[in-house]
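Colleague: I am in my first year, and I would like to learn how to read a structure one part at a time. Please choose one sheet, look at it closely, and then lead me from there to the turns of the chain and the enclosed spaces.

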Amino acid sequence: MPLSLFRSGVITLITVLYACTYTSALATSKPSVQPAVAIGKTAVVGKQITQANSSIVVDFFGGIPYAQPPLGNLRLNLPVFKPALDVERFDASDFGPGCLQTPPPPSGVSEDCLTLTIFRPSGVSSQEKLPVMAWIYGGGFTVGATSFYDATNLVTRSVERGTPVIFVSINYRLGPLGFPTGNEVGALLRNNTNILNLGLHDQLVGLEWVQQNIGQFGGDNTKVTIMGESAGSTSIGIHLSGSRIQGLVHAAILESPPLIPTFDSEKREGVWNSWVNAIPGCASSGGNAIECIRRSDSAALLQALINDQVVFQANDFQPTLDGPNGLVPDRPSQLSANKLHLPVMMGSNLDEGTIVIDQRTNSTEEIRNFILNFISPSLVSPEEVNRTIDTILDLYPDIPALGSPFGTGNNTFGLSSQYKRLSAIFGDLIVISSRRTLTHRMSQAGDKVFGYLFTDPEAVVFPEFAPPAVPGSLGVPHSSEIPYVFGNFVSGVNGSGPSLAARGLSVSIQDYWISFAASHNPNDEHGQKRPDWQAYTPDKQVVMQLTGDSSFLVPDTFRLQQLAFWEDHPDFLVR
């Protein structure tokens, strides 16, 4: 497959992430009531919101800074913790802007973006100790913002079931400003100056702020569950492999956790230079691009992102190897999957690959090139790479009934059968094998881990949530569980709402997630009656299949040979 087709698939992924997480506005606000929380000498003033047909009131506090604005010399540098504000009154009635990205999120963009947002049940005092759910958004480390996630419904549900929680979402730097790369950054690392993986460091500083201040909002800083989807889930997986999160979080929920190829910064010199050369005055900076970037204004940096479509499309800014003292000291396969042995819940969707794969895919050669582009450069020899790709093609034959979307038989939706074939390969490679590998490793280490498979057939009946695609060709794709977790359905076919079964599944999923955050077990006795979710163990490898109004446990043995192949070849995958 030409690289351009792969890149168009990445754009499709980003498009659907925006569509799936976007809510047109917060639930109805009550501007006459302004909840206030004291942080040091500052009154942080938010607003109260309610949902239609609900009497439960939720307090909203948005755009609260947790770090100094990363501008000037702080640009392309580690975040500087900001435990308190320097004003008497801080207006927290709206989301803060997202970090620099294109297209912009609903809240706009700014480099002064290291902020967090809090939803809590109204009336909570600082004397209460409510569990905290801390959300890390996805978006390929290129897009995303707290303003895409309205947690009003989730917090409302926690109150309805008698186990109230506080929800926090954290903005972090993205793209080249959050994940700088290239030779100059690598040279700094060798001289003991590490400015890699800044977005991951942002997340940790945001969690430090939660530890220090969430008690003022009525939260329990000893009961923080970190949760995220896609790139957010990858971030959590990285944090779980180290010890920097010790004392910051106490459990984790990973939705569709990709294990991405992990390279050192020099492997991405080309994409870094592409962006730098798009910044006025920086094209000829040679080995001093970082200083040039620090002197540039935000508008120029954003325009460079807009102009340099290669950067946006290729999605090459992501976590990078950063040495023995860094956050990513080695490939995931060489590190502990859960160093602190925290309780974990994780899962994947049935058809993770369909929204990424270009629907024009029509040949085996395109599939071969797609895999080569994704893993390049591999740790194994070119000859072994070719042999391994031959094995992959044998494991995933060009038989429509075996392709993704799964369970659709010989229907190709008017597309080439190779689309279904590559969708199956990529979904297994990037997410589903990662989830199985992680659950295997954690359960074998004796960790408490719960696995799920999201398969609801209504997952993409909502047209607002689907990228341009042939009807029926997406199945249950990557990110389609998010509206169920947040309870933010927009509309269904012909403007109708989701079915009672889909709404019931959403309530069950919220009950499982909230229960896990409150008790580190999805099976409390609160809320809607739902099937008992057994832990994943070496002797009983089961996952909860979340679908319709009849979720149930299933053996984690589907596509056993194919997924075992990915699990057994970390060197080929550079992960």
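**From the sheet to the cavity**

Modeller: In this predicted model, an open sheet is built from three strands in the order β2-β3-β6, and their pairing is mixed. The two strands at the edges are β2, residues 36-39, and β6, residues 89-91, each of which pairs on one side only. It helps to recall that the strands of a sheet pair through backbone hydrogen bonds, either parallel or antiparallel. Here β2 and β3, the latter covering residues 42-45, run antiparallel and are joined by four bridges; one pair of bridge partners consists of alanine 38 and, in β3, alanine 43. If you ignore direction, neighbouring strands of this sheet are turned against each other by 25° on average.

If you follow the chain onward from β6, you enter the loop that leads to β7 (115-121), and in this loop you find proline 103. The peptide bond between threonine 102 and proline 103 is cis, with an omega of about 0°. A second cis peptide bond runs from serine 404 to proline 405, where omega is near 15°, and proline 405 sits in the loop between α12 (382-395) and α13. Asparagine 192, in the loop between α4 (183-190) and α5, has a positive phi of about 70° although it is not a glycine. These places deserve a second look because most residues other than glycine have a negative phi, and most peptide bonds are trans.

The loop with asparagine 192 ends at α5, and α5 in turn brings us to another helix. The axes of α5, residues 198-213, and α6 come within 11 Å of each other and cross at roughly 75°, so the two helices are roughly perpendicular to each other. On the α5 side the contact is made by Leu200, Gln203 and Leu204, while α6 contributes Ser235, Ile238 and His239. By character, these contact residues divide into three nonpolar and three polar, with no charged residue.

Ile238 of α6 takes part in that contact, and Ile238 also leads us to the enclosed space. The model has five cavities of 30 Å³ or more, and the largest cavity holds about 260 Å³ of space. Its lining is made of 23 residues, and those closest to its centre are Thr234, Gly237, Ile238, Leu259 and Pro332. Both α6 (231-240) and α13 (417-444) supply at least two residues of this lining, and α6 gives the most, with five residues. Taken together, the lining residues of the largest cavity divide into 15 nonpolar, six polar and two charged. As you turn the structure, you can thus start at Ile238, which lies among the residues closest to the centre of the largest cavity, and then look across from α6 to its contact with α5.

Technical notes: Residues are numbered from 1 along each chain as its sequence is written. This is a predicted model: local features need pLDDT of at least 70, side-chain atom pairs count only at pLDDT 80 or more; totals for chains, interfaces and linings use all residues. Side-chain values use heavy atoms; hydrogens and water are left out. On a 1 Å grid over the protein atoms alone, a cavity is a set of points where a 1.4 Å probe fits but cannot get out, and a pocket is an open set with protein on both sides within 12 Å along at least five of seven lines; lining residues have an atom within 4 Å of a point. Grid points are joined across faces, edges and corners, and a volume is the space filled by probe spheres set on the points. Ala, Val, Leu, Ile, Met, Phe, Trp, Tyr, Cys and Pro count as nonpolar, Asp, Glu, Lys and Arg as charged, and the others, Gly among them, as polar. Axes are lines fitted to C-alpha atoms, for helices over the stretch in contact, and angles run from 0 to 180 degrees between N-to-C directions. Angles under 35 degrees count as roughly parallel, over 145 as roughly antiparallel, 65 to 115 as roughly perpendicular and the rest as oblique. Contact means heavy atoms within 4.5 Å. Two strands pair if DSSP finds at least two bridges between them.
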